[in-house]
Amino acid sequence: MIKISLHQLKFHAYHGLYEEEKKTGNDFEVNLDAWFEEPADIITQLNQTINYATLYSLVKKRMSIPEPLLETIAMDIALQSKAQFPVICEINVSVRKVNPPMLNFQGQTEVSFHKKYE
């Protein structure tokens, strides 16, 4: 099994339920891990693996589309990744809101989506 990871991808985006979030935005961090079965031979060509530059472009594009719920974003990134790379047999996507708009809240919120494909 081979794992391709993109961690600590940082974006400023306009996701959230509240009007203030939709106006001012927030900082987000995305982590993505995708697993696939290794081929019979040693990987020597890009077309034998999952191109992490393509995954990054997919995540960046999705993060630019405002969405009320982080769950929707995480699930959609996983769905689009699987569609782009059918060899993915397992995926984990987490979306973290760095400064959630809650009074006296210190910390971060995060949603993770994990799926194994048969």
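A salt bridge here is a side-chain nitrogen of Lys or Arg within 4 Å of a carboxyl oxygen of Asp or Glu. The model is predicted; the protein chain averages a pLDDT of 93, and 100% of the residues score at least 70.

**Stop 1: Arg 62 and Asp 76**

Select Arg 62 and Asp 76. Their side chains meet in a salt bridge, at 2.6 Å from N to O. This pair links distant parts of the chain: Arg 62 belongs to helix H2 and Asp 76 to helix H3, 14 residues apart. Arg 62 has 5% relative accessibility, so it counts as buried. Asp 76 is partly exposed, because its relative accessible area is 22%.

**Stop 2: helix H3**

From Asp 76, extend the selection to residues 70-84, which make up H3. The helix has 15 residues and reaches 21 Å from its first C-alpha to its last, close to the 21 Å expected at 1.5 Å a residue. Colour by confidence: among the elements of the protein chain, H3 has the highest mean pLDDT (98), and helix H1 (residues 19-24) the lowest (85).

Now show the side chains of Leu 70, Ile 73, Ala 74, Ile 77, Ala 78 and Ser 81, the buried residues of H3. Look down the helix axis: these buried residues fall within an arc of 130 degrees, so they line one face of H3. The spacing has a simple background. An α-helix has 3.6 residues a turn, so residues three or four places apart point the same way. Turn to the face of H3 away from its buried side to find the exposed residues Leu 79 and Ala 83.

What covers the buried side? The elements over the buried residues of H3 include strand S2 (26-36), helix H2 (52-63), strand S3 (88-97) and strand S4 (109-116).

**Stop 3: strand S2 and its partners**

Select S2. This strand is mostly covered, with 10 of its 11 residues buried. Add strand S1 (residues 2-13), which runs antiparallel to S2 and is joined to it by 10 bridges. Phe 11 stands opposite Phe 28 in S2. Then add S3, which pairs with S2 in the antiparallel sense over 9 bridges. Ile 91 in S3 is the bridge partner of Ala 34.

**Stop 4: Ser 94**

Stay in strand S3 and pick Ser 94. Is Ser 94 buried or exposed? Its relative accessibility is 5%, and the cut-off for buried is under 20%, so Ser 94 counts as buried. Leaving aside neighbours within four places in sequence, Ser 94 is in contact with Glu 29, Val 30, Asn 31, Glu 110, Val 111 and Ser 112.

**Stop 5: the other salt bridges**

The count comes to 7 salt bridges. Select Lys 97 and Glu 21, whose closest N and O atoms are 2.4 Å apart in a salt bridge. Lys 97 is in strand S3 and Glu 21 in helix H1, 76 residues apart, and the pair links these distant parts of the chain. Both Lys 97 and Glu 21 are buried.

Next, select Glu 29 and Arg 96, which form a salt bridge with the closest N and O atoms 2.9 Å apart. Glu 29 lies in strand S2 and Arg 96 in strand S3, so this pair ties together parts that are 67 residues apart in sequence. Glu 29 counts as buried at 11% relative accessibility, whereas Arg 96 is partly exposed, with a relative accessible area of 22%. To finish, add Lys 10 and Glu 110: together with Glu 29 and Arg 96 they are linked in a network of salt bridges.

Methods: Residues numbered from 1 in each chain as written. Predicted model: local features only at pLDDT ≥ 70, side-chain atom pairs only at ≥ 80, totals over all residues. Heavy atoms only, no water. Helix = DSSP H or I, 4+ residues; strand = E, 2+ residues; numbered from the N terminus. Expected span 1.5 Å × (residues − 1). Buried < 20%, exposed > 50% of the residue type's maximum accessible area, 1.4 Å probe, protein only. Arc of directions from axis to C-beta. Contact = heavy atoms within 4.5 Å. Pairing = 2+ DSSP bridges. pLDDT = per-residue confidence, 0-100.
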